[in-house]
Amino acid sequence: MSEDLVTFLHARLDEEADLARLCDGDGRAEWTAHGHTVDLCQGELSGLHPAIALHVALHDPARILREVEAKRRVLARHVLSPATGDPELPWDNRDDCQYDGETWPCDDLLDLASPYGDHPDYPDVPEMDSGLRDSP
Ligand SMILES: [Zn+2]
């Protein structure tokens with residue numbers, strides 16, 4: 001189940017990166033808002049409320065690709081340290097995260113997954129049965 005969460009997260013990040021690359025045009029896309037209009041480098045979106053224009057511009061492909069790479073680095077750090085077969089048994093003989101020692105899946109992975117809670121492939125994670133996690 002916990003590896004399902006990692007697989008699920010990689011799939012979502014792959015989708016986001018693929019979509020960003022499709023929208024990237026020349027590979028240097030930086031979307032910018034100008035009042036009611038967003039310059040998409042390959043065209044414009046106009047007639048938007050200025051706040052919506054700023055919100056759309058915030059999701060320019062270059063920034064999304066940087067965000068995906070940052071999330072991939074977080075995923076790479078937080079790997080399963082299984083209780084069985086691990087030469088250095090985790091504390092309390094339970095599956096835990098090799099990076100932070102928290103019970104697997106750790107809070108950082110659950111936080112990475114939380115924006116996708118409404119995705120149809122979202123894995124069943126006991127800690128997130130309600131679909132929402134308690135805020136700190
Ligand atoms: Zn962790």
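In this predicted model, the charged end of Arg12 sits over the ring of Phe8, 4.7 Å from the ring centre. That makes Phe8 a handy place to start, since the same ring also turns up in the aromatic pairs, and the count of these comes to 2. One of them joins Phe8 to Tyr116, edge-to-face, with 6.1 Å from centre to centre and 80° between the planes. Phe8 belongs to helix α1 while Tyr116 sits in the segment after α4, so this pair ties together parts that are 108 residues apart in sequence. Both Phe8 and Tyr116 are buried.

The other pair puts Phe8 against Tyr122: the ring centres are 5.3 Å apart and the planes stand at 85°, which is over the 60 degrees needed, so this one is edge-to-face too. Here again distant parts of the chain are linked, with Phe8 in helix α1 and Tyr122 in the segment after α4, 114 residues apart. Tyr122 is buried, as is Phe8. Taken together, ring pairs link Phe8, Tyr116 and Tyr122 into a cluster. A charge over a ring shows up elsewhere as well: Arg77 lies over the face of Tyr99, at 5.7 Å from the ring centre.

Now for the packing. The largest nonpolar core has 20 residues, and Leu5, Leu9, Leu75, Leu109 and Tyr116 are those with the most contacts inside this core. Helices α1 (2–22), α3 (61–77) and α4 (107–113) each put in at least two residues, and the largest share, 7 residues, comes from α1. Leaving aside residues up to four places away in sequence, Leu5 touches Pro105, Leu109, Leu110, Ala113, Pro123 and Val125. Apart from the largest core lies another one, of 7 residues, with Ala29, Trp31, Ala53 and Ala57 among them. None of this is out of line with the general rule: in soluble globular proteins, nonpolar side chains tend to be buried together.

Ala53 also leads over to the strands. Thr37 has Ala53 among its contacts, along with Thr32, Glu44, Leu45 and Ser46, again not counting residues up to four places away in sequence. The place of Thr37 is in strand β2, which covers residues 37–39. With a relative accessibility of 19%, Thr37 counts as buried, because the cut-off is under 20%.

Then there is the metal site. The zinc ion is held by His78 through ND1, Cys97 through SG, Asp100 through OD and Cys106 through SG, at 2.0 to 2.2 Å. Along the chain, these donors follow the spacing H-x18-C-x2-D-x5-C. The 4 donor atoms subtend angles of 97 to 124° around the zinc ion, and that range makes the arrangement tetrahedral. For reference, the ideal angle for four tetrahedral donors is 109.5 degrees. As for exposure, Cys106 is buried, at a relative accessible area of 0%, whereas Asp100 counts as partly exposed because its relative accessibility is 29%.

Stepping back to the whole chain, there are 4 helices and 5 strands, and from the N terminus on the elements run α-β-β-β-α-α-β-β-α. Of the 136 residues, 32% are buried. Among contacts between residues at least 6 apart in sequence, 47% join residues at least 24 apart.

Methods
Residues are numbered from 1 along each chain as its sequence is written. This is a predicted model: local features need pLDDT of at least 70, side-chain atom pairs count only at pLDDT 80 or more; totals for chains, interfaces and linings use all residues. Side-chain values use heavy atoms; hydrogens and water are left out. Buried means under 20% relative accessible area, exposed over 50%, partly exposed in between (1.4 Å probe, protein chains only). Contact means heavy atoms within 4.5 Å. A nonpolar core is a set of buried Ala, Val, Leu, Ile, Met, Phe, Trp, Tyr and Cys residues joined through side-chain atoms within 4.5 Å. Donors are N, O and S atoms within 2.8 Å of the metal (3.2 Å for Na, K and Ca); water is not among the atoms, so sites may look incomplete. Four donors count as tetrahedral if all angles lie between 85 and 135 degrees; four count as square planar and six as octahedral if opposite donors are over 155 degrees apart and all others between 65 and 115; anything else is irregular. Rings of Phe, Tyr and Trp (its six-membered ring) pair if their centres lie within 6.5 Å; planes under 30 degrees apart count as stacked, over 60 as edge-to-face and the rest as tilted. A charge sits over a ring if NZ of Lys or CZ of Arg is within 6 Å of the ring centre and within 35 degrees of the ring normal.
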